[in-house]
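Dear colleague,

I am handing over the structure below, and I would be glad if you could look through it with the notes that follow it.

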Amino acid sequence: MKFFVDTAEVDQIAELNDLGMVDGVTTNPSLILKSGRDILEVTKEIAEMVDGPVSAEVVALEADAMIEEGRKLAKIADNIAVKVPLTWAGLKACNVLSGEGNMVNVTLCFSANQALLAAKAGATFISPFIGRLDDINLDGMELISDIRQIYDNYGYDTQILAASIRTVNHAYQAAMIGADVMTAPPGVIKKMAEHPLTDAGLATFMKDWAKTGQKIV
Ligand code: G3P
């Protein structure tokens, strides 16, 4: 499973990138706002740091304007994935931008039918938002599972990018279902390393080691 980091905070991306945990980065207008950075500058900085795809989202609502913005974003670096919303205009922009050889991430996906349309429009990534479905008492994981089955039924190579991951359990379930990628905030990725039995076991080992009076180096 590929790990994308869902943030525009350069320091946090760098920390995980140094551990080899970062296969890509996703941003959106809200994350750009949170970073306080200029979209073109921060996207360039991230794209230079990370080897994999870096999603940068268009903000126009009409297809032609989305395409124009997408072309500009794609020029920032070779590893930019242009992110477009799952609307008819977004699908049209996806079709044109992917036809021009760009990676396209179709975002704000909340149904399997939407995901099917994105695959047909040539999306590189489809981003179903798990947490936001859970927020309204729907099952975000069921959506990931449905999309996996539909894409496998027909051999679409659009990658399922499980997004709006809020918990370690979301990450686990998305991996079990076979999402190609998950994008999660740095805090969720770091929390995946935690287990109370690891902490308890380590505490015992340290206590016993101290009693041996030995040193390794
Ligand atoms: O990748 C999409 C993500 O940023 C949305 O997450 O937590 O705002 O629903 P959230």
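Lys190, in this predicted model, counts as partly exposed, because its relative accessibility is 40% and so falls between the 20% limit for buried and the 50% limit for exposed residues. Its side chain meets that of Glu15 in a salt bridge, with 2.9 Å from N to O. The pair ties together distant parts of the chain, since Lys190 belongs to helix α10 (residues 186-191) and Glu15 to helix α1, 175 residues apart. Glu15 is likewise partly exposed, with a relative accessible area of 42%.

This is one of 10 salt bridges in the structure, and two others may be worth your attention. In the bridge between the side chains of Arg37 and Glu45 the N to O distance is 2.7 Å; Arg37 is partly exposed at 30% relative accessibility, and Glu45 is partly exposed at 32%. The other joins the side chains of Asp152 and Arg148, at 3.1 Å from N to O, and here both residues lie in helix α8 (residues 140-154), 4 residues apart, which is about one turn of the helix. Through salt bridges with shared partners, Arg148, Asp152 and Asp180 form one network. Which class does Arg148 fall into, buried or exposed? With a relative accessible area of 13%, Arg148 is under the 20% limit and therefore counts as buried.

Turning to the pockets, the largest holds about 330 Å³ of space. It is lined by 20 residues, of which Asp6, Asn28, Leu31, Arg132 and Pro185 are the closest to its centre. Helix α2 (residues 29-35) contributes the largest share of this lining, with 3 residues, and by class the lining of the largest pocket is made up of 6 nonpolar, 8 polar and 6 charged residues.

The second largest pocket holds about 160 Å³. Its lining has 7 nonpolar and 4 charged residues but no polar ones; among the lining residues are Pro29, Ile32, Val58, Glu68 and Lys72. Helices α2, α3 (39-49) and α4 (63-74) each supply at least two residues of this lining, and α4 gives the most, with 4 residues.

Thr7 also deserves a look, as a residue of the loop between β1 (2-6) and α1 (10-18). Thr7 is buried, because its relative accessible area of 6% is under the 20% limit. Leaving aside residues up to four places away in sequence, Thr7 touches Gln12, Ile13, Val25, Thr26, Thr27, Leu31, Ile46 and Pro186. Leu31, one of these partners, is also listed among the residues closest to the centre of the largest pocket.

For the chain as a whole, the secondary structure comes to 11 helices and 8 strands, and the C-alpha atoms fill a box of roughly 70 × 40 × 30 Å along the principal axes. Of its 217 residues, 46% count as buried, while the chain exposes about 11,600 Å², of which carbon and sulfur atoms supply 54%. Among contacts with a separation of 6 or more, 57% are between residues 24 or more positions apart.

With best regards

Terms used: Residues are numbered from 1 along each chain as its sequence is written. This is a predicted model: local features need pLDDT of at least 70, side-chain atom pairs count only at pLDDT 80 or more; totals for chains, interfaces and linings use all residues. Side-chain values use heavy atoms; hydrogens and water are left out. On a 1 Å grid over the protein atoms alone, a cavity is a set of points where a 1.4 Å probe fits but cannot get out, and a pocket is an open set with protein on both sides within 12 Å along at least five of seven lines; lining residues have an atom within 4 Å of a point. Grid points are joined across faces, edges and corners, and a volume is the space filled by probe spheres set on the points. Ala, Val, Leu, Ile, Met, Phe, Trp, Tyr, Cys and Pro count as nonpolar, Asp, Glu, Lys and Arg as charged, and the others, Gly among them, as polar. Buried means under 20% relative accessible area, exposed over 50%, partly exposed in between (1.4 Å probe, protein chains only). Contact means heavy atoms within 4.5 Å. Accessible areas come from the Shrake-Rupley method with a 1.4 Å probe; for residues, only the protein chains shown count as cover. A salt bridge is a side-chain nitrogen of Lys or Arg within 4 Å of a carboxyl oxygen of Asp or Glu.
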